[in-house]
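Q: Got a minute to go through this one with me? Here it is.

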Amino acid sequence: MQMLQAGAQAPDFTLPDQNGNPVSLQDLRGKKVLVYFYPKAMTPGCTTQACSLRDVQADLAAHNLVVLGISPDSAKRLKKFEERDRLNFTLLADEDHAVADAFGVWGPKKFMGKEYDGIHRISFLIDEQGKVAHVFNKFKTSDHHQVVLDYLAG
C-alpha cells in the first residue's frame with residue numbers, strides 16, 4: 001500500500017454518486033475537496049464520522065470545501081445511508097476499489113484476529129489545483145470533522 005502524500009497530484013477519477021450520477025474530481029477544480037475513505041456505509045464508526053461531517057457542513061462550505069465520501073459500497077446502499085442519516089454531502093461508490101488503490105488506501109487490515117484487504121480510514125484534502133494539500137490519518141471517527149476544521153482554520 002503506497003499512500004499518496006501531501007504535494008502529490010491527486011488522481012483524477014469519476015465515480016457514481018448515491019443517485020447513480022457520475023462525479024469527477026476534475027470538475028471540482030477551484031474548490032478544496034475533502035476526499036474521505038471509509039470502509040462500509042451504515043456501520044457504527046462510519047455513521048458517526050458521516051453524521052459529524054453532516055453537522056458541520058456549513059462550516060466546511062465556508063472554507064470553500066466540498067466533501068466526497070468514498071467506500072466500496074454500491075450506489076444503492078449509499079442512497080440508503082444518505083436517506084437514513086440525512087447526509088448532506090456526496091457519497092461515491094468505488095465498488096472495484098480502483099480509486100482507493102490509486103490513493104493508496106486499499107490494503108491489508110486486521111479485525112477480530114482476521115486479516116483481509118479493505119479500505120483504510122484516511123482522508124485527503126485536495127487543493128483548488130488538484131494537489132494533495134494534507135493527509136488526515138490520525139483521528140477518531142468522532143473527531144474527524146474537528147481535525148479537518150482545525151486544519152482549515154490553522
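A: Sure. Keep in mind this is a predicted model. Let's start with Phe-111, which sits in strand E6, residues 106-111.

Q: Is Phe-111 buried or exposed, and why?
A: Phe-111 counts as exposed, because its relative accessibility is 52% and the cut-off for exposed is over 50%.

Q: Which residues make a nonpolar surface patch with Phe-111?
A: Met-112 and Tyr-116 join Phe-111 there, and the patch covers about 390 Å².

Q: What does E6 pair with?
A: Strand E7, residues 114-119, in the antiparallel sense and over 6 bridges. Within that pairing, Gly-107 stands opposite Gly-118 in E7.

Q: And how many residues are between the strands in that hairpin?
A: There are 2, and Met-112 takes a positive phi near 50° in this hairpin.

Q: Switching to the inside: which residues have the most contacts in the largest nonpolar core?
A: Phe-13, Val-35, Phe-37, Leu-68, Phe-103 and Phe-124, in a core of 26 residues. The elements giving two or more residues to this core are strands E3 (32-37), E4 (65-71), E8 (123-126) and E9 (132-136), plus helix H4 (98-103).

Q: What is Phe-124 in contact with, leaving aside neighbours within four places in sequence?
A: Its partners include Met-3, Leu-4, Val-35, Phe-37, Phe-103, Val-105, Val-132 and His-134.

Q: What lies apart from the largest core?
A: Another core, with 25 residues, lies apart from it; Tyr-36, Ala-50, Val-67 and Leu-91 are among them.

Technical notes. Residues are numbered from 1 along each chain as its sequence is written. This is a predicted model: local features need pLDDT of at least 70, side-chain atom pairs count only at pLDDT 80 or more; totals for chains, interfaces and linings use all residues. Side-chain values use heavy atoms; hydrogens and water are left out. Patches are made of residues with over 30% relative accessible area and no salt bridge: like charges are joined within 9 Å, nonpolar side chains (Val, Leu, Ile, Met, Phe, Trp, Tyr) within 5 Å. Accessible areas come from the Shrake-Rupley method with a 1.4 Å probe; for residues, only the protein chains shown count as cover. A salt bridge is a side-chain nitrogen of Lys or Arg within 4 Å of a carboxyl oxygen of Asp or Glu. Helices (H or I, at least four residues) and strands (E, at least two) are DSSP runs, numbered from the N terminus. Buried means under 20% relative accessible area, exposed over 50%, partly exposed in between (1.4 Å probe, protein chains only). A nonpolar core is a set of buried Ala, Val, Leu, Ile, Met, Phe, Trp, Tyr and Cys residues joined through side-chain atoms within 4.5 Å. Contact means heavy atoms within 4.5 Å. Two strands pair if DSSP finds at least two bridges between them.
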